[in-house]
Every structure is written in structure tokens, then in C-alpha cells.
Amino acid sequence: MNPEDLISTPPALPLEARVRMTLPREPLTTTTTANVLGMVGGSDPALANELLVVGAHYDHIGQLPDGRTFAGANQNASGVAALLEMARVWQVTGYRPARSVLLAAWGAEERSSAGVEHYLRDPETPVTRTVGVVSLDSIADGKGYRLWFRGDQDKDLPLTYRFEVSATQLGRDAWRRGSTDEGWHALFSREGIPAVKLTWAESDDLAYRLTDTVDGIQPERLASSGEILTLGVTWLSSQ
């Protein structure tokens, strides 16, 4: 039986039985990871000290013992791709934000958001100057049919509203969804910082599978998400 067979099996039934199992483990190893950060300084003296963080994590859970790899194309290479494309668009158009923007590709997200936790212990800019956080995760595919903006109904409303407006202006189908504490943005939320997570509807059902490869990426969905992101962040960084 392989992982795909397990996914498609019927729900488990409770049995009055106990099983003792021994699993061999590979020797523990260590590795080095890093947060990749790019700061775009603000052009407005009155707003340059404020910071908007836009980020996506680039790590995944690695390989199975048999060598098969979890590529993580949607979860979350798609988020990193949109982040880089937004940066490219800003560069070629000569756009300069009024307030400062930190573009962040986070490492070690799959280890309890260790990359973001490290950043918050020694931030590029004091956390008190961070005015908002935009998280990108699994934005190129999902079982649903639209992009979701996930945030708290009160604290995060200005961010979610701005992305709703951006989607409307572009004629894209998107929807505000309830908040979620799942993801690296939750560490910023606990500091009282407004945060919004952009994710494709019902993308969780496709995450952490061997089938999450580049062949499963939906280009039109990735493009739509990227356009909404770029318009929304450009507005947020200019006001």
C-alpha cells in the first residue's frame, strides 16, 4: 500500500484492539536554512518608518524514506512565485512605495514557523513599526473556485477589504473568509499586528501530497492571485 492508497481508503472504524509497532528511523541530521529578506525603502518621509510585510514560506517537508519528494509546488512555491513577480513588476515600472515594504521568503515554516520566530526575536525593523502583514500560501490551486482573504473580522478588516476592492477592480472572483491561526502570519497577529492570508479556496485538501507538483499548478489561478496581490499591496504601500 502506498500513500495514495491510504488517502482514498474509507474512514477508519474504531476497533477494540491494540497494536505495538516499531518503526526504523534514519539517523538524525541537521541542516541550515535562512530567511531571504528584501527591503524596499519608503519614499514618503512621513510613512517611511512604517513597515508592511509581504511574505511566503519556501520550505516543505522533504522526502519519504524511499526517496520520493514532496515538491510543494502549490504549497508553497506558488506564494513565493507571486512575491517575486510583484517585486519584478515594481522594478520594471520604477514603482517606489510611500511606506517601507519588507519582501520575505521565510525558511523553516514547516518547523513551527521557526524562521518567522527567529525574525521576530531580531526584526529588521522594530515590530512596533510594522503596520500590516500579507501572507501568501497555496494560491495557484484548490478544490474551490476563488481566492480567499482570511483575516479577523475586526483587527484585520482594513487589509481584507483592500484586497476585496482590488479583486473587484480586476473583475476577479474572490471572497473574504473567516480568520485562521494556521500559518506564520499568526505570530505577527499575536503581537497585535493586522494580518491577512491569501490562499486559494479549499487548497488545504491538496496540501502535503506527493501530487503537489508543477503539473498541478493552474496558471490562470496563479495569475489571478498575483494580480490581486500586486494591486492590493501597491495601494497599501502608497497610502
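In this predicted model, Trp106, Tyr119, Trp184 and Phe188 are joined by ring pairs into a cluster. The count of aromatic pairs in the structure comes to seven. One of the pairs is that of Tyr119 and Phe188, whose ring centres lie 6.2 Å apart and whose planes make an angle of 40°, an arrangement classed as tilted. This pair links distant parts of the chain, since Tyr119 belongs to helix H3 (residues 114-121) and Phe188 to helix H5 (residues 185-189), with the two positions 69 residues apart in the numbering. Tyr119 and Phe188 are both buried.

A further pair is formed by Phe149 and Phe163, with centres 6.1 Å apart and planes at 35°; because planes under 30 degrees apart would count as stacked and those over 60 as edge-to-face, this pair is tilted. Here too the rings connect distant parts of the chain, Phe149 being placed in strand E5 (residues 147-150) and Phe163 in helix H4, 14 residues apart. Phe149 has a relative accessibility of 0% and therefore counts as buried, and Phe163, likewise at 0% relative accessibility, counts as buried.

Helix H4, which carries Phe163, also takes part in a helix-helix contact. The axes of H4 (residues 157-170) and of helix H6 (residues 219-236) come within 9 Å of each other and cross at roughly 125°. Angles of 65 to 115 degrees count as roughly perpendicular and those over 145 as roughly antiparallel, and H4 and H6 are therefore oblique to each other. The crossing in which H4 passes H6 is right-handed. On the side of H4, the contact is made by Leu159, Arg162, Phe163, Ser166, Ala167, Gln169 and Leu170, while H6 contributes Glu227, Ile228, Leu229, Leu231, Gly232, Val233, Trp235 and Leu236. Sorted by class, the residues in this contact of H4 with H6 comprise ten that are nonpolar, three that are polar and two that are charged. Phe163 thus appears both in the contact with H6 and in the tilted ring pair with Phe149.

Several features of the backbone may be described next. The loop between strand E7 (195-200) and H6 contains Glu202, which has a positive phi of about 60° although it is not a glycine. With a relative accessible area of 38%, Glu202 is partly exposed, because the value falls between the 20% limit for buried residues and the 50% limit for exposed ones. Tyr208 is also found in the loop between E7 and H6, and this residue, again not a glycine, has a positive phi of about 55°. The relative accessibility of Tyr208 is 39%, so that Tyr208 counts as partly exposed.

Helix H2 (residues 73-93) includes Asn76, and the peptide bond leading from Gln75 to Asn76 is cis, with omega near 20°. Val89 is likewise found in helix H2, and Val89 is partly exposed, with a relative accessible area of 25%. Although Val89 and Thr230 stand 141 residues apart along the chain, their C-alpha atoms are separated by 8.4 Å.

Conventions: Residues numbered from 1 in each chain as written. Predicted model: local features only at pLDDT ≥ 70, side-chain atom pairs only at ≥ 80, totals over all residues. Heavy atoms only, no water. Axes fitted to C-alpha atoms, helices over the stretch in contact; angles between N-to-C directions. Helix = DSSP H or I, 4+ residues; strand = E, 2+ residues; numbered from the N terminus. Parallel < 35°, antiparallel > 145°, perpendicular 65-115°, else oblique. Left-handed = near helix turned anticlockwise from the far one by under 90°. Contact = heavy atoms within 4.5 Å. Nonpolar A, V, L, I, M, F, W, Y, C, P; charged D, E, K, R; others polar. Buried < 20%, exposed > 50% of the residue type's maximum accessible area, 1.4 Å probe, protein only. Phe/Tyr/Trp six-rings, centres within 6.5 Å; stacked < 30°, edge-to-face > 60°.
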